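Reader: I should be grateful for a close look at one part of this structure, namely the sheet and its surroundings. Please set out the strand order, the pairing and the packing in one connected account.

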There are 2 protein chains.
Amino acid sequence: MRYPDFVLSLPSWIDRFLPEPERVYPSIQERMRLVIQLSRLNFEEGTGGPFGAGIFDMQTGRLIAPGVNLVVPSNCCIVHAEMVAIMIAQQAMGSYDLAAEGLPRCEMVVSTEPCAMCLGAIPWSGIRRLVCAARDEDARSIGFDEGAKVPDWVASLEERNITVVRDVCRSEAGAVLRAYLESGGIIYNSRRTA
Amino acid sequence: MRYPDFVLSLPSWIDRFLPEPERVYPSIQERMRLVIQLSRLNFEEGTGGPFGAGIFDMQTGRLIAPGVNLVVPSNCCIVHAEMVAIMIAQQAMGSYDLAAEGLPRCEMVVSTEPCAMCLGAIPWSGIRRLVCAARDEDARSIGFDEGAKVPDWVASLEERNITVVRDVCRSEAGAVLRAYLESGGIIYNSRRTA
C-alpha cells in the first residue's frame with residue numbers, strides 16, 4: 001500500500017490504571033472522577049494533553065471506552081479525548097452508531113467541554129448525554145483554542161436529543177488544567193493568537 | 001490490551017486507481033476532478049459514502065493524501081473523507097500540524113463542503129486553503145445532515161488564515177451525490193429528522 005494504515009493505540013498505562021472491566025460507576029460524579037484521573041495521568045505519564053473522556057453505559061454505569069488526548073504522540077490533530085473514546089467505543093460495539101438498536105444507551109463524560117470539532121462529532125456518534133466538568137472558557141484561559149463553536153452549543157445538542165449536564169466536578173478538572181500549565185505543558189496548535 | 005487498536009486502512013482500490021506518486025495536478029480544477037472521482041468510486045466500489053477529499057502540496061500540486069468516507073466499513077462515525085485525508089497526511093508528514101516548519105504548504109480539496117465536525121477539525125490540521133465543490137446544501141438536499149455549523153463558517157476559517165474557495169466543479173460533485181441517492185445508497189445517522 002502506498003499509504004500506511006493509521007493505527008491508534010491507547011497508552012499502556014490505561015490498562016494498568018483501570019479497575020476490572022466489571023466495575024460500575026453508579027453516579028455521574030463517580031464517572032467524572034475517573035475521567036478527571038485520566039486527564040491528569042495523561043499528562044503526568046507524558047502521553048498527551050490534559051484531557052480525558054469516557055463513554056459509559058448510562059444505565060449500569062459500566063465504562064465502555066476511555067479516551068485521552070493523543071494528539072502529540074499519534075501525530076494526529078484529530079485524536080482529542082472525545083474522539084478517541086468514540087473510536088474505541090464504536091470498535092467495541094461494532095457499529096458507527098452508538099444509538100443503534102440492541103446497544104446500551106451511551107453517555108460521554110468529558111473533563112473539559114468539547115472543542116468545535118468534538119462538538120460536531122457528538123451528534124454523529126449516537127451518544128445520548130454529554131456530561132462536562134471544566135468549561136470551555138477554563139481551557140481557553142490557559143491558552144487552548146476551542147475553535148469556532150455555534151453560539152448556543154448546548155441547545156444545538158439538545159435539539160438533537162442529546163442532554164447536556166455541565167459543571168460536574170468543574171473545580172477538580174480546572175485544577176488539572178492549571179497543573180498542566182504550571183508543569184510547562186505545551187499548548188499546541190493555538191494558531192489563532194500566533 | 002483491554003481495548004484493541006483502532007486501525008484505519010484505505011480501500012485497496014485507491015492504490016490501483018491513483019496514478020504514479022510523482023504526478024502533479026497544477027490547477028485546482030484538476031485537483032478537484034481527482035477528488036470527485038474518489039467520491040464516485042468510493043460508493044461504486046461499495047466502500048462508503050459519496051465523499052472524497054485530498055490534501056495537496058499547494059505549490060507543486062502533488063497529492064499528499066487522499067481521503068474517502070469510510071464510516072460504514074470502519075464502524076466509525078468520525079472517518080469522513082476530510083478526517084481520513086488529515087489522518088493520512090499527518091502520518092505521512094510525521095506531524096500533527098501540517099503548518100509545521102519545513103513542511104510544504106498544504107491545501108485540502110473536498111467534493112462537498114465540510115460538516116460541523118470536519119469544519120472544526122480544519123483549523124487544527126494546519127491546512128492553509130480549503131477548496132470545495134458541492135455546497136453543504138447539496139448534501140442536505142439528498143438527506144445528509146451537515147450538523148450545526150457556525151452561521152458564517154467561511155469567515156470563521158478565514159479569521160484563522162485559511163482561505164476558502166467554493167463552487168469549483170460544483171455541478172460534477174452534485175451529480176455524484178444524486179447518483180448515490182438514485183443508487184439507493186444509505187443516508188446514515190440522519191437523526192435530526194428521525
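Author: In this predicted model, strand S5 of chain A, residues 129-134, runs parallel to S6(A), and 3 bridges join the two. One of the pairs places A:Arg129 opposite A:Thr163 in S6(A), its bridge partner. Helix H8 of chain A, residues 170-182, packs on the sheet, where it touches strand S4 (106-112) and S5 of chain A. The direction of H8 makes about 60 degrees with that of S5(A).

The sheet as a whole is open and has 5 strands in chain A, in the order S3-S2-S4-S5-S6, with mixed pairing. Strand S3 (63-68) and strand S6 (163-165) of chain A each have a single partner strand, so these two stand at the edges and one side of each is left without a neighbour in the sheet. On average, neighbouring strands of this sheet are turned by 15 degrees against each other, direction ignored.

The surroundings of the sheet include a second chain. Chain B is superposed on chain A by a rotation of 180 degrees with 0.0 Å of shift along its axis, at an RMSD of 0.0 Å. The two copies are therefore related as by a two-fold rotation axis. Both copies use the same surface, since 100% of the contact residues of chain B recur in chain A.

The largest nonpolar core has 130 residues, and among those with the most contacts inside it are A:Ala121 and B:Ala121. Neighbours within four places in sequence left aside, A:Ala121 is in contact with A:Glu82, A:Met83 and A:Ile86, and also with B:Cys77, B:Ile78 and B:Met117.

How values were computed:
Residues are numbered from 1 along each chain as its sequence is written. Chains are lettered from A and ligands numbered from 1 in the order in which they are written. This is a predicted model: local features need pLDDT of at least 70, side-chain atom pairs count only at pLDDT 80 or more; totals for chains, interfaces and linings use all residues. Two strands pair if DSSP finds at least two bridges between them. Helices (H or I, at least four residues) and strands (E, at least two) are DSSP runs, numbered from the N terminus. Axes are lines fitted to C-alpha atoms, for helices over the stretch in contact, and angles run from 0 to 180 degrees between N-to-C directions. Two residues are in contact if their C-beta atoms, placed from the backbone, lie within 7 Å. Copies are superposed by least squares on the C-alpha atoms of residues with pLDDT of at least 70 in both. A nonpolar core is a set of buried Ala, Val, Leu, Ile, Met, Phe, Trp, Tyr and Cys residues joined through C-beta atoms within 7 Å. A residue is buried if 20 or more other C-beta atoms lie within 10 Å of its own, exposed if 12 or fewer, and partly exposed in between; C-beta atoms are placed from the backbone.
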